[in-house]
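Q: Could you take me through one helix up close, and show me the chain around it as well? I'd like the whole picture before the detail.

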Amino acid sequence: MKALNAWQFLARTENSVRLIVEGRHHFNISVLEDDLIRISLLKDGKYRLDRTWAIAPKGDVPFEGRKREDTTGFSCPDFHLDETEDGLAIETGTLRLKIGQPLALTWEARDASTDLWQEVARDRPLNAYMLGRKDHRNQHHLLRHADETFYGLGEKSGALDRSGRRFEMRNLDALGYDARTTDPLYKHIPFTITDKGRLGACGLFYDTLSSCWFDLGNEKDNYHPPFRAFRAEDGDLDYYFSWAPSVLEIVKRHHWLTGGTAFMPRWGLGYSGSTMSYTDSENAQERLQTFLAKLDAEDMPCDSFQLSSGYTAIEGRRYVFNWNTDRFPDVEALTSAYAAAGINLIANIKPVLLDDHPLYGQAADAGLFIRDSDSGEPEKSPFWDGTGSHLDFTNPATVRWWQDNVTAKLLNRGIKSTWNDNNEYEVWDDDAVCAGFGDPIPVSLIRPLHSQLMTRASFEAQQQDQPDKRPYLISRCASPGTQRYAQTWTGDNYTSWDTLRWNIPMGLGLSLSGFFNTGHDVGGFAGPRPEPELFLRWVQNGIFHPRFTIHSWNDDGTANEAWMYPEITPLVRDALKLRAQLIPYLYTLLQQAVTDGEPMLRPLFLDHPDDPNCRTAEFDFLLGRDLLVATVVEPGAHVRRVTLPANADGWWSFDGSAWYPGGEVLEVPVKDDTIPLFVRGGAVLPMAAPNLRSDAGSDTERIWRIYPQPEDRPPRLSRAYDDDGVSRNAVVDRHCLTTLELSHRKGRLHLDWSRSGSWQPAYSSARIWLAGQSGFIVNDHALSAGDTISFNPAH
């Protein structure tokens with residue numbers, strides 16, 4: 001490893017400046033937007049990997065990757081380049097970048113109120129950039145300031161504030177992890193946010209798929225001022241620097257940069273059943289049929305069931321695409337029964353073939369596996385109580401083989417969705433060879449890419465099978481861009497109160513990192529069966545996450561089921577029914593995530609950055625901008641401390657019985673049936689009537705829950721999005737968007753609404769629910785709480 005210091009100006013192109021460093025390495029600065037600049041360091045002037053699968057500002061990337069120099073989707077604005085006493089300065093309308101000797105960058109942002117430049121980031125003065133002399137390791141060091149706060153890095157354990165800690169990106173199957181301390185975990189998301197307070201926020205995305213480390217204040221060195229470090233063991237040093245006035249705008253910029261969020265079908269927001277114990281049972285099909293009967297008997301809403309890998313298993317070993325016909329004697333009968341019940345099946349699939357898999361020889365002969373670096377034979381890695389080989393998704397033949405099997409073994413048998421699992425690609429022969437779409441690549445350069453390409457291959461197979469419908473997929477492992485295809489979750493968590501609590505900031509970290517559609521295994525996946533109180537509180541929390549799945553692999557062989565404890569089943573049922581009624585609100589948030597880049601799950605400070613209390617409320621969060629969730633996460637609790645973010649609109653209790661000024665910290669009394677929820681003043685929440693399914697056709701009645709703001713506060717806008725729930729192009733044309741403006745003046749409430757779009761929802765009227773008072777005006781008509789509004793579709 002050697003530090004890079006001396007540089008010379010090489011050339012200016014239309015959108016970039018090129019330097020030569022130490023007489024041999026290329027250092028390129030590309031102006032992509034006024035607030036977004038890319039820095040790339042090419043060892044000996046050559047890319048180690050000249051493609052990216054993460055960068056997709058307008059549309060998706062080719063399956064084989066996008067050339068790193070491709071600027072499609074960027075505006076590439078003009079910029080000023082000046083020589084200074086210390087080096088060079090690049091200036092856009094928003095950013096000024098100074099390049100000094102020895103090589104170190106200083107970033108300044110224009111203050112809109114004063115039109116002055118203010119420093120927002122700076123490389124450390126010495127040894128800011130380092131490269132391996134005999135390998136491709138690389139490092140980047142920046143100064144670190146005591147008043148900075150760091151967020152991001154996706155799915156990480158512990159506090160949402162990453163300051164003072166060190167993190168590793170190396171995808172692992174971290175079964176039963178500790179949600180406070182375990183690192184690394186499943187996902188590879190090398191993106192940080194630096195919150196600078198009044199100076200705004202900076203985003204740093206390192207576009208690498210190699211294992212890497214982030215040190216955000218854990219390391220100290222006497223010969224350098226306080227610094228933060230990025231270190232990668234391979235690949236290119238290629239990063240995107242963004243600045244914005246707020247953390248929220250940085251989150252939205254990164255989400256846009258990496259291609260946005262998949263618009264999954266509406267039913268994907270409903271409760272999804274799952275457990276390993278069903279499919280691992282010798283009477284698996286019977287148990288799955290019993291699940292349907294229990295849903296009816298217990299009057300429980302449900303929209304899908306995730307079929308664990310036991311359907312492929314023989315004596316505990318998992319053979320992807322292989323049906324155990326003893327456990328499942330009539331697959332079509334099962335899928336037909338679930339379809340008739342309106343419940344979607346989602347099948348678990350894995351990218352490793354055990355060496356005694358019935359299809360192993362066929363796949364090996366066709367060259368579908370990653371190859372061992374020494375022998376050239378299929379690589380062999382430990383997997384599920386055996387040894388297997390990982391499929392190589394950079395080989396088009398593998399992609400076709402995979403899609404053929406997804407189609408034949410699942411889609412053609414009535415299972416239309418996939419759960420892409422165990423895809424961390426723990427191949428530790430770093431030089432194992434991947435086909436690389438005709439240009440071989442060592443696995444160390446692209447390990448997490450395989451999980452993304454696997455998920456994309458499944459996505460495209462499902463799309464080809466039902467071209468007019470939106471696919472639904474789940475993926476456990478992910479790298480930036482995977483969210484374009486699938487929902488994700490925080491993996492195989494351990495059953496404990498600690499996990500319930502600390503999964504909350506873990507999910508918020510994913511949301512701040514561009515993965516908006518996430519959730520957790522409710523009840524805990526690994527370890528002991530949850531006690532009744534823990535299970536109830538986990539369900540009451542889980543209903544407020546985009547992915548709501550009760551899942552388990554309990555040590556005693558039992559299953560986490562909604563009805564597992566009769567003494568709390570009525571309360572679990574109430575929670576599931578509340579979730580079902582919230583689907584219109586959740587679906588609107590999903591549409592806003594897709595079209596506007598708005599996170600669904602939001603830490604309190606994201607919308608209230610000036611309230612210091614919002615920085616320390618680890619276990620409270622916002623679902624959308626308006627619904628504050630502060631569920632009980634401590635055993636034996638009698639009160640729940642709730643932070644109400646400071647704002648002039650205040651907060652209503654969800655039941656409408658009390659209004660509180662913003663900025664208060666409440667001690668809310670709690671009992672078993674208490675779910676502390678608060679709604680921002682001025683909000684109108686769209687909700688469904690009680691319903692057992694989330695499909696649009698069943699949603700025949702709308703409820704508008706109105707929470708007034710204080711008198712003479714500015715009007716607040718809410719909206720509700722509807723479509724048929726499944727059509728691929730609904731967000732473009734076939735939908736209905738209702739905009740609601742709530743104002744409070746002269747002692748009266750006014751709700752003005754309008755609709756746009758060509759879709760006519762199943763409901764034609766809305767019932768009014770009003771917090772706290774009665775008597776208000778809707779489109780110039782006097783109404784009271786409980787009245788019904790009839791819609792004119794032409795409005």
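A: Let's start wide: a compact globule of 795 residues would have a radius of gyration near 28 Å, and the chain has 27 Å, which agrees (taken over C-alpha atoms, the rule being 2.2 Å times the number of residues to the power 0.38). This is a predicted model, where local features need pLDDT of at least 70, side-chain atom pairs count only at pLDDT 80 or more, and totals for chains, interfaces and linings use all residues. Residues are numbered from 1 along each chain as its sequence is written, and side-chain values use heavy atoms, leaving out hydrogens and water.

Along the principal axes, the C-alpha atoms fill a box of roughly 75 × 70 × 50 Å. Inside that box the chain has 55 strands and 14 helices (DSSP runs numbered from the N terminus: E of at least two residues for strands, H or I of at least four for helices). Of the 795 residues, 64% count as buried, meaning under 20% relative accessible area with a 1.4 Å probe, protein chains only. Among contacts (heavy atoms within 4.5 Å) with a separation of 6 or more, 69% join residues 24 or more positions apart.

Now for the close look: helix α1 spans residues 247-257 and is mostly covered, with 8 of its 11 residues buried. Those buried are V247, L248, I250, V251, R253, H254, H255 and L257. As a reminder, an α-helix has 3.6 residues a turn, so residues three or four places apart point the same way. After α1 comes G259, with a positive phi near 100°.

Conventions. Buried < 20%, exposed > 50% of the residue type's maximum accessible area, 1.4 Å probe, protein only.
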